[in-house]
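I opened this notebook to record, entry by entry, what I looked up in the structure. The entries begin with a single residue and then widen to the chain.

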Amino acid sequence: LVNERMELQAKLDSFQNERMDLSDKLESIERENQLLKGELKARAADVNDLAAAAQELQNSKDDLDARLRAESAAKAKAQSTANGLVEALQMMKDETKKRLDPLVQYRRNEHAINRDL
(Lines give C-alpha, C1' and ligand atoms only; values in the text may rest on other atoms or scores of the structure.)
Protein backbone atom coordinates (compact mmCIF):
# COMPACT_ATOMS: atom_id res chain seq x y z
CA LEU A 1 0.00 0.00 0.00
CA VAL A 2 2.85 2.34 0.78
CA ASN A 3 4.44 1.48 -2.56
CA GLU A 4 1.20 2.19 -4.37
CA ARG A 5 0.89 5.49 -2.52
CA MET A 6 4.46 6.39 -3.47
CA GLU A 7 3.80 5.41 -7.07
CA LEU A 8 0.66 7.50 -7.14
CA GLN A 9 2.50 10.40 -5.51
CA ALA A 10 5.27 10.10 -8.12
CA LYS A 11 2.67 10.05 -10.92
CA LEU A 12 0.90 13.03 -9.35
CA ASP A 13 4.22 14.91 -9.06
CA SER A 14 5.05 14.04 -12.66
CA PHE A 15 1.59 15.14 -13.76
CA GLN A 16 1.89 18.43 -11.85
CA ASN A 17 5.39 19.05 -13.26
CA GLU A 18 4.09 18.39 -16.77
CA ARG A 19 1.11 20.67 -16.07
CA MET A 20 3.45 23.45 -14.84
CA ASP A 21 5.66 22.98 -17.92
CA LEU A 22 2.60 23.23 -20.17
CA SER A 23 1.39 26.25 -18.21
CA ASP A 24 4.79 27.91 -18.68
CA LYS A 25 4.70 27.11 -22.39
CA LEU A 26 1.18 28.53 -22.62
CA GLU A 27 2.28 31.74 -20.90
CA SER A 28 5.25 31.98 -23.25
CA ILE A 29 3.00 31.46 -26.27
CA GLU A 30 0.55 34.08 -24.95
CA ARG A 31 3.38 36.60 -24.48
CA GLU A 32 4.61 35.88 -27.99
CA ASN A 33 1.05 36.25 -29.24
CA GLN A 34 0.79 39.65 -27.58
CA LEU A 35 4.07 40.74 -29.17
CA LEU A 36 2.86 39.52 -32.56
CA LYS A 37 -0.44 41.34 -32.09
CA GLY A 38 1.47 44.54 -31.31
CA GLU A 39 3.65 44.05 -34.37
CA LEU A 40 0.58 43.33 -36.48
CA LYS A 41 -1.06 46.55 -35.27
CA ALA A 42 2.12 48.49 -36.07
CA ARG A 43 2.25 46.97 -39.54
CA ALA A 44 -1.45 47.68 -40.06
CA ALA A 45 -0.76 51.30 -39.13
CA ASP A 46 2.15 51.33 -41.59
CA VAL A 47 -0.12 49.93 -44.29
CA ASN A 48 -2.69 52.63 -43.53
CA ASP A 49 0.02 55.30 -43.67
CA LEU A 50 1.25 53.91 -46.99
CA ALA A 51 -2.28 53.81 -48.37
CA ALA A 52 -2.80 57.44 -47.32
CA ALA A 53 0.52 58.41 -48.92
CA ALA A 54 -0.41 56.54 -52.10
CA GLN A 55 -3.75 58.37 -52.20
CA GLU A 56 -1.97 61.68 -51.69
CA LEU A 57 0.41 60.86 -54.54
CA GLN A 58 -2.52 59.89 -56.77
CA ASN A 59 -4.27 63.18 -55.92
CA SER A 60 -1.06 65.09 -56.72
CA LYS A 61 -0.70 63.19 -60.01
CA ASP A 62 -4.33 63.95 -60.91
CA ASP A 63 -3.75 67.63 -60.07
CA LEU A 64 -0.58 67.74 -62.19
CA ASP A 65 -2.37 65.99 -65.06
CA ALA A 66 -5.16 68.56 -64.89
CA ARG A 67 -2.62 71.40 -64.86
CA LEU A 68 -0.81 69.87 -67.81
CA ARG A 69 -4.05 69.63 -69.77
CA ALA A 70 -4.89 73.24 -68.90
CA GLU A 71 -1.40 74.41 -69.90
CA SER A 72 -1.60 72.46 -73.15
CA ALA A 73 -4.95 74.06 -73.93
CA ALA A 74 -3.55 77.52 -73.08
CA LYS A 75 -0.50 76.86 -75.25
CA ALA A 76 -2.69 75.77 -78.17
CA LYS A 77 -4.81 78.90 -77.76
CA ALA A 78 -1.72 81.12 -77.58
CA GLN A 79 -0.28 79.41 -80.68
CA SER A 80 -3.54 79.94 -82.53
CA THR A 81 -3.59 83.61 -81.49
CA ALA A 82 0.05 84.03 -82.54
CA ASN A 83 -0.70 82.44 -85.91
CA GLY A 84 -3.67 84.77 -86.36
CA LEU A 85 -1.49 87.79 -85.50
CA VAL A 86 1.20 86.69 -87.96
CA GLU A 87 -1.43 86.35 -90.68
CA ALA A 88 -2.86 89.76 -89.83
CA LEU A 89 0.60 91.36 -89.89
CA GLN A 90 1.39 89.70 -93.21
CA MET A 91 -1.89 91.02 -94.64
CA MET A 92 -1.09 94.50 -93.29
CA LYS A 93 2.38 94.30 -94.80
CA ASP A 94 1.00 93.22 -98.17
CA GLU A 95 -1.66 95.94 -98.09
CA THR A 96 0.90 98.59 -97.11
CA LYS A 97 3.21 97.42 -99.91
CA LYS A 98 0.34 97.66 -102.41
CA ARG A 99 -0.37 101.21 -101.29
CA LEU A 100 3.27 102.30 -101.15
CA ASP A 101 4.46 100.69 -104.41
CA PRO A 102 2.85 103.38 -106.64
CA LEU A 103 4.24 106.15 -104.38
CA VAL A 104 7.72 104.62 -104.46
CA GLN A 105 7.53 104.31 -108.23
CA TYR A 106 6.37 107.91 -108.50
CA ARG A 107 9.32 109.08 -106.31
CA ARG A 108 11.76 107.08 -108.44
CA ASN A 109 10.38 108.59 -111.57
CA GLU A 110 10.52 112.06 -109.99
CA HIS A 111 14.20 111.52 -109.01
CA ALA A 112 15.01 110.28 -112.49
CA ILE A 113 13.37 113.33 -114.05
CA ASN A 114 15.23 115.64 -111.66
CA ARG A 115 18.51 113.95 -112.55
CA ASP A 116 17.81 114.32 -116.18
CA LEU A 117 17.12 118.00 -115.76
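Entry 1. I looked up leucine 89 and found its place in helix α1, where helices are DSSP runs of H or I with at least four residues and strands are runs of E with at least two, numbered from the N terminus. At 55% relative accessibility leucine 89 counts as exposed, given that buried means under 20% relative accessible area, exposed over 50%, and partly exposed in between, with a 1.4 Å probe and protein chains only. From leucine 89 I went on to tyrosine 106, which is 17 residues away in sequence and 26 Å away in space, C-alpha to C-alpha.

Entry 2. I note the conditions here: this is a predicted model, in which local features need pLDDT of at least 70 and side-chain atom pairs count only at pLDDT 80 or more, while totals for chains, interfaces and linings use all residues. Residues are numbered from 1 along each chain as its sequence is written, and side-chain values use heavy atoms, with hydrogens and water left out.

Entry 3. I asked how many helices and strands the protein chain has, and found one helix and zero strands. The radius of gyration, taken over C-alpha atoms, is 49 Å for the protein chain, well over the 13 Å that the globule rule gives for 117 residues, so the chain is more spread out than a compact globule; that rule is 2.2 Å times the number of residues to the power 0.38. Along the principal axes, the C-alpha atoms fill a box of roughly 165 × 20 × 10 Å. Buried residues make up 0% of the 117 residues.

Entry 4. I then checked the span of helix α1, residues 2–116: at 1.5 Å a residue its 115 residues should cover 171 Å, and the end C-alpha atoms are 163 Å apart, which agrees. The expected span is 1.5 Å times one less than the number of residues. I also found a kink of about 35° at leucine 100 in α1, shortly before proline 102, the bend being the angle between axes fitted to the seven residues ending there and the seven starting there.

Entry 5. Two further residues of α1 were looked up. Arginine 99 is in helix α1 and, at 63% relative accessibility, counts as exposed; its C-alpha atom is separated by 21 Å from that of leucine 85, 14 residues apart along the chain. Glutamate 39 also lies in helix α1, but is partly exposed, with a relative accessible area of 38%.
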